[in-house]
Amino acid sequence: MNHSRSLTIAVVVALLGMAAIPAAASAASGLAVDVDQRPDTGDAVVTVTHNDSAVENATVEVTGESAYAGNGTYTTDADGTLVLPEPNETVSVTVTTTADNTTATKQVDLVPRSAALSVSATQNDDGTATVTVTQYDEAIENATVAVSAADAYSGNGTYATDADGTVTLPAPNQTVSLTIDASANNATASTDLTAVPLAASLDVTVNQTEGGSAIITVTQYGEVVEGANVSIEADGDIAGTDTTDANGTVTLEQPEDDQTVTVTATDGNLTAETTAELTGTALDVSAAQTDDDVEVTVTDGGNSAADATVEVEADGEYAGTGTYATDADGTVTLPLPQENVTITVTATAENETANTTADLTVEFAQEGPFGQAVSSFVSALQSSGFDGPPGETISDFVTGNNPGNADDAPGQKGDEADDGTGTDDGNETDEASGQSGSAPGQSDDAPGREDDGNETDEASDQSGSAPGQSDDAPGREDDENETDDDGPGANAGNGNGPPNASERGGPADDDAPETDEEDDETDAEEESADDADDEAEDEEADSDDDDSRSGGSSGSPGNSGNAPGQN
C-alpha cells in the first residue's frame, strides 16, 4: 500500500515538471514587437508575438517625438497586429507593448512613401549596369526606370523592374554619364552613374601614408581586385612586381629619396596605369656626448649617410665648432667641451637638411682620473680634425677642469687668499697644507722670527727662517747683498735677529743636533762650490719670477741666500 502511494506521487511530480518546461521556455523567449511599413500605402504594421506566436489583446502604446497622427494606445487583434497611419514626414516613434505582465519596446523611424523609394546603379565586371529599386528596404516590382545620357548610349530608354526590383543596362562603348529616374507607389527617386566601358574598367591608385609607405590599390568598377599583377618602375629597392592581396592592395616601403613611380596593374585582358610622386625618407641627425667624445650621427632612410656635411655651432667657447664631413658610418667625432655649452648641429645631404641641438657638460670630462680626462680630450680634439694650434685649447681645458682649481680644493677654499704683502686684512681663509703659519720655520717663535704684528703666516716653503733661509744659515751675513765664501764657519745673520742661536732662544751652535736639512745643504755646497758665485747671481736675477710661479716669497727653500748654489 505505501509502495503504491509513493509511485503515484512520483508520477504526479514528473508530470508537473514536464508541464513547467514550456512555461520556462516561454519566459526565456520573452515578448517581442516589430514594426514594418507597407510600400503600397506607407502604413506601419505593428506585430506583437510571444514565443513566436501572435499575442491577441496586447496593449500597445505609441509615442512620437513630434506631432504624429498615430500617437496613442492600441490593442492587438487576433493576429497580434495593429496598423498605424502613414506619417506626413519622417518621425521617430517608440512602440511599447505589454502582455501577461511582460513588456517589450522598439524604436523606429516612420517614413512617408515619397521619401521611402530608393534607386541605385552599379556596373558589373562584364561592363553591364544593374539598376535596383526598393521602398522601405523591399524590392519594388514593376517600378518605372527612365535612363538618359547626354552622349550616345544604347541603354537610353524606359524600363520596368522585374520581381527582384532590378533592370539591366548594356555596357557602354565609351564612358558616359547616366541619369536614372525611378517611380513607384506615388513616389520617385533618382541617381547618377558614370558608366565606363569594360576596357577602361580597371583602375589603379597610389596613396602615400603619413608613415611614408605607399599603398597601391587595384579596383574594377569600384570593387577591389584580388590577384591582380602590379609592376612598379622606380629607383632603388621599391622597383619590382607584386600581386594584390584580398583587399586589392600592394604596400611599398618609403623610398630613400623623393621620386616619381610608375605603377601598372593587369587583370586578365585589362590594364591600368598611373604615376605618383613619393616623398623619400627624411634626413636625420643626432648628437650624443660620451665619456670620451661627442658623437654626431647622420642617417638617411635609416641608413648611414656618408659624406654628409655637418656644421657645428655653439653658444659658448667650444673647440668642436666648424664644418665636417661624415665618415663611411655617417658619423663625426667632436671633442669634449671645456665648459657647459649647447651646440646646434646641422646636417646636409643631397638637398636635404636636418638639425638638432645637444647640451654638452664638462662633468663628462671630469669622470675618472684627471690625467685620463685630459688624454681623452686631446684624443677627441685630434680625431675631430682640429687643425689649429692645440696648445691654448688644451691649456684652457686643463685650467677650467682641473680638480685642483675647484673652490673646495686644498688651498683654494674661500673667497680671498693671502695677497703676499705680509699684512692681514682679516679676509684670509684657512691656508692649505704647507702654508700654515705654524709650519716648520714659519711660526713666530721659529729661529730668526719676530712678531711685529703685521706679518701673515707663510707656508713652510716660504719662511724666512726655513732651512737655507735662517739668519744663521751657512754663508749668510748682515749684508744681504753679499755672499760668504767662508762656508759654514761664517757668522750667521742677516741683521734681523740675534747673532747666534743661543740669543735667539735655540740651542747653541755647538750643541744643536744635526738636521737632515743641514746634511743636505752641506752635500749640495760641496758639489756646487766651484760655481756658487755664478749661480748666486742667476738666482737673484730670477727670484721675482720664481716667487710668482711657486706662490711663495723669496725665502722659499732653494731661493734662500745660503741655499745650495746661493753662497
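In the predicted model, A146 stands opposite D181 of strand β15, a pairing that belongs to the antiparallel arrangement of β12 (residues 144–149) and β15, which are joined over six bridges. On its other flank in the sheet order β13-β12-β15-β16, β15 is connected by nine bridges to β16 (residues 187–195), and these two strands likewise run antiparallel. Within this second pairing, I180 stands opposite T191 of β16, while S177 has T194 of β16 as its bridge partner. The hairpin formed by β15 and β16 has two residues between the strands, and in this hairpin N185 adopts a positive phi near 50°.

The four strands β13, β12, β15 and β16, in that order, form an open sheet with antiparallel pairing. Because β13 (157–160) and β16 occupy the edges and each has a single partner strand, one side of each is left without a neighbour in the sheet. From one strand to the next, the twist averages 20°.

Strand β15, which spans residues 176–184, presents two faces: V176, L178, I180, A182 and A184 lie on the covered one, whereas S177, T179, D181 and S183 lie on the uncovered one. The bridge-paired residues named above are thus drawn from both faces, since I180 belongs to the covered face and S177 and D181 to the uncovered face.

The largest nonpolar core holds 23 residues, of which V131, V133, V145, L169, L178 and I180 touch the most other members. Two or more residues are given to this core by each of β9 (117–123), β10 (129–135), β12, β14 (166–169), β15 and β16. The largest share, amounting to five residues, is contributed by β15. The surroundings of V131 illustrate how this core is assembled: with residues up to four places away in sequence left out of the count, V131 touches V119, S120, A121, V145, G165, T166, V167, L169 and I180. Apart from this core lies another, of 22 residues, which includes V296, A308, L334 and A349.

Backbone conformation was also examined in two loops. Most residues other than glycine have a negative phi. N51, located in the loop between β2 (44–50) and β3 (53–54), has instead a positive phi near 60°, and this residue is partly exposed, with a relative accessible area of 33%. Y136, in the loop between β10 and β11 (138–139), also has a positive phi, of about 50°, although it is not a glycine. Y136 is buried, its relative accessible area being 14%, which falls under the 20% limit applied to buried residues.

Taken over its full length, the protein chain contains six helices and 32 strands. Of its 567 residues, 38% are buried, and its accessible surface comes to about 31,300 Å², with carbon and sulfur atoms accounting for 43% of that area. Among the contacts in the protein chain with a separation of 6 or more, 49% are made by residues 24 or more positions apart.

Note on methods. Residues numbered from 1 in each chain as written. Predicted model: local features only at pLDDT ≥ 70, side-chain atom pairs only at ≥ 80, totals over all residues. Heavy atoms only, no water. Buried < 20%, exposed > 50% of the residue type's maximum accessible area, 1.4 Å probe, protein only. Pairing = 2+ DSSP bridges. Axes fitted to C-alpha atoms, helices over the stretch in contact; angles between N-to-C directions. Core = buried A, V, L, I, M, F, W, Y, C linked by side-chain atoms within 4.5 Å. Contact = heavy atoms within 4.5 Å. Areas by Shrake-Rupley, 256 points an atom, 1.4 Å probe, with all protein chains shown as cover.
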